[in-house]
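Let's take a walk through this one together. Have the sequence and the 3D view open, and we'll go from a single residue out to the chains.

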Amino acid sequence: MAALGILDSANLNGGQKLAVKYFTVAIALFAAQVLFGLLAGLQYLYPDFLYGVLDFSVNRMLHINAMVVWLLFGFIGAVYWLLEDESGVPVVGLALGNLIFWVFTLAVVAVVLVYLLVQVGPGELKSIWLINEGREYIEAPRWADIGIVVCVLVFFYNVAATFMKGRFTGIGGVLVLDLVALAGLYTAGMWYTPNISMDQHWWWWVIHLWVEATWEVLVGCLLAYGLIKTMGVRRKIVETWLYIEVALLFGSGILGLGHHYFWIGTPEYWLAIGGFFSALEPIPLVAMVVHAVFDAGHHKLKSTNNPALAWMIAQAFGNFFGAGVWGFMHTLPQINLYTHGTQWTASHGHLAFFGAYATIVIAFVYLAVQKWRGNVWMSGELVGGWKWKWALFLLHVGMLGMTMALLVAGYEQSQIERAIEGSGWMGYFAGQAHPWFQQGMVWRMISGWTFAAGFVLLAWDLMTIGKRESRPARSVEMREAPAMA
Amino acid sequence: MSQTQTLWWASESFWKKMAIWITAASAVVLIFLTFDTVAKITAGGKRVPAYSVINHRIDYVFDEKRNHQVPVIGPVEPLFGKVLSEAEAKDLVSKGKLTTQAKNCMNCHTLLGNGAYFAPDLTKSWLDPAWGSKEVREQLMVDFLMDPSDKLHNALGRRMPKLGITEEEARATVAFLKWMSAIDTNGFPANFKPIDQADAAPETAPPPVESAPVPAL
């Protein structure tokens, strides 16, 4: 055991050594997300900025793809992080897992370079195979799709085989079943059709059933583990909540898919089904808030890792407001007719992805750096503890600022462009030129810079937190060992 | 919460069963609906028309019964003056769709309302009055797609970049956009005022001079 406060991989188990590699790439991609987001935001204010060099479409694609991939890397890292701890045995097939990490990372680098340097191709299938699929969120070319499936299958093998060899906890069981769905769903978005209604129909199977179903369950598992680790919450309570969350998340989220089927050519019955089930989607998120806040209060906020706990509480609220409230606000077809395809969606997207997903990955990275430094003290009166608090504060102020600014712009678009001007191109530009919209873009930019400042501080903190700490971590009472399921 | 006996509705085993049954039931309903939906959105049906619909006039007209606008397929009005067979039309629309993907249209525009919000929605772009008149629309669209950089866009200074779209790709893209405008989208976009496509009476004067030669967006 190395001295406290020194980064030393001897402090980590095999799965965790792999996890910190994933986390490192995740944070680098988080930086890329912020950078390209700033560039795209600037182009709303200065349309000639980088015109013809890095057009809005490229920046926006990189902004969103960097996010999808950094969150995936973060999730994979988080699962490797808890794997040996939960299962009680070393990761099965770890060497293969390590190899796949490098394959995955190199593939991501290659895709990003092609996005930046090649950008677009001729209107042929080979462009879709080699350059860019041109389908929002899953733009990665087809060769990379196949690579992603292979990587995820190896990851799945690591996880499933390790739990099967060791013990299958409740968290482990939910996780394995969720990963089956997660990997399987991706293939729904991997084929070409000239029929755009059919295309978007299956495309939503990937996007919605990932983001609003399987990802939510995955973070439910991560949150459950995190609460046990940081506060010693009883496993029986955590796992009961996890089952409640799964029932409610899948019960509302699977048919909630229908809220993407209002206007793409799909039948009218989706208006009722999608409206009804997506209106239920906030319910499990309320359950997650109650669960996290109740547990934190019950344990009097005494945790082994205050930054991680703070980010988990942020996750509970961010998920509820970003995904739940902001989603519900425009999910019923009667309002969605006017908000679909406006900045309203961007407002929801920003707060939801940050609140539900970025937060939990950040919490796990804090868990990781703590143990990486020899399980140092990360509770109250931390040396240099202002940094994580200010990072958390600035990131939230920036995110809420962007969310509100985009929401104002979205309201304005719904009213001016859609309701009054009748949704044509003239109406679109009348809406875009309106002072309320323009002011929204300015405030989004100011908030974006605030967020970026918070990110820089976060990155600095993750590299330095616990460095000068000589106290060992606070121990919390673990009341029971994981039960066999 | 002092009792040691957990109530049945708060027990782990109850919720584990609930999680499994609710998930399975939702998935079964979704799969059942998916079969129906896929059948109904296959090209050639009532909601998503055959590709050869591009041989016809496509309008977007208020329907009293459904209480929103619906696409209406009108008389023969072939694209670029040429009537295509279903197979030829499919190839052309497909080429256009591939072009929209390869040129990453969706990361500025929305199609069927999905995509990015930096540029206008393309769902009904074929019917947009900004093209001026239905006679010049096809060629204006092709010219615009091939090099938008020097064309008039809007007062904001936001411009579409030149994406290396060939004439063949531009024509195919127009075909794809025309076909897309015929999809029944349950009234999205609402309140849309389509370009005037009525047949001009013989004595009617040519379009007014102030109609811009390029899309006056």
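In which loop of chain A does Met378(A) lie? Look between helix 13 (343-372) and helix 14 (386-420) of chain A, and you'll find Met378(A) in the loop that joins that stretch. Keep in mind that this is a predicted model.

So is Met378(A) buried or exposed? Count the neighbours: 28 other C-beta atoms sit within 10 Å of Met378(A), and because the cut-off for buried is 20 or more, Met378(A) counts as buried. As for who is around, leaving out residues up to four places away in sequence, Met378(A) touches Thr304(A), Asn305(A), Asn306(A), Pro307(A), Gln370(A), Gly466(A) and Ala473(A). If you want another landmark, try Val456(A): it is 78 residues from Met378(A) in sequence, and their C-alpha atoms are 20 Å apart in space.

Now hop over to chain B. It splits into domain 1 (14-40) and domain 2 (49-180). Going by C-alpha atoms, the centres of those two domains are 37 Å apart.

How do the chains meet? On the chain B side, 72 residues are in contact with 67 residues of chain A. The elements of chain B that give two or more residues to this side are helix 1 (12-41), helix 2 (86-102), strand 3 (110-111), strand 4 (114-115) and helix 4 (167-180). Helix 1 of chain B provides the largest share, with 14 residues. Sort the chain B side by chemistry and you get 37 nonpolar, 20 polar and 15 charged residues.

How values were computed:
Residues numbered from 1 in each chain as written. Chains lettered and ligands numbered in written order. Predicted model: local features only at pLDDT ≥ 70, side-chain atom pairs only at ≥ 80, totals over all residues. Domains from an automatic or database assignment. Contact = placed C-beta atoms within 7 Å. Helix = DSSP H or I, 4+ residues; strand = E, 2+ residues; numbered from the N terminus. Nonpolar A, V, L, I, M, F, W, Y, C, P; charged D, E, K, R; others polar. Buried ≥ 20, exposed ≤ 12 C-beta atoms within 10 Å, placed from the backbone.
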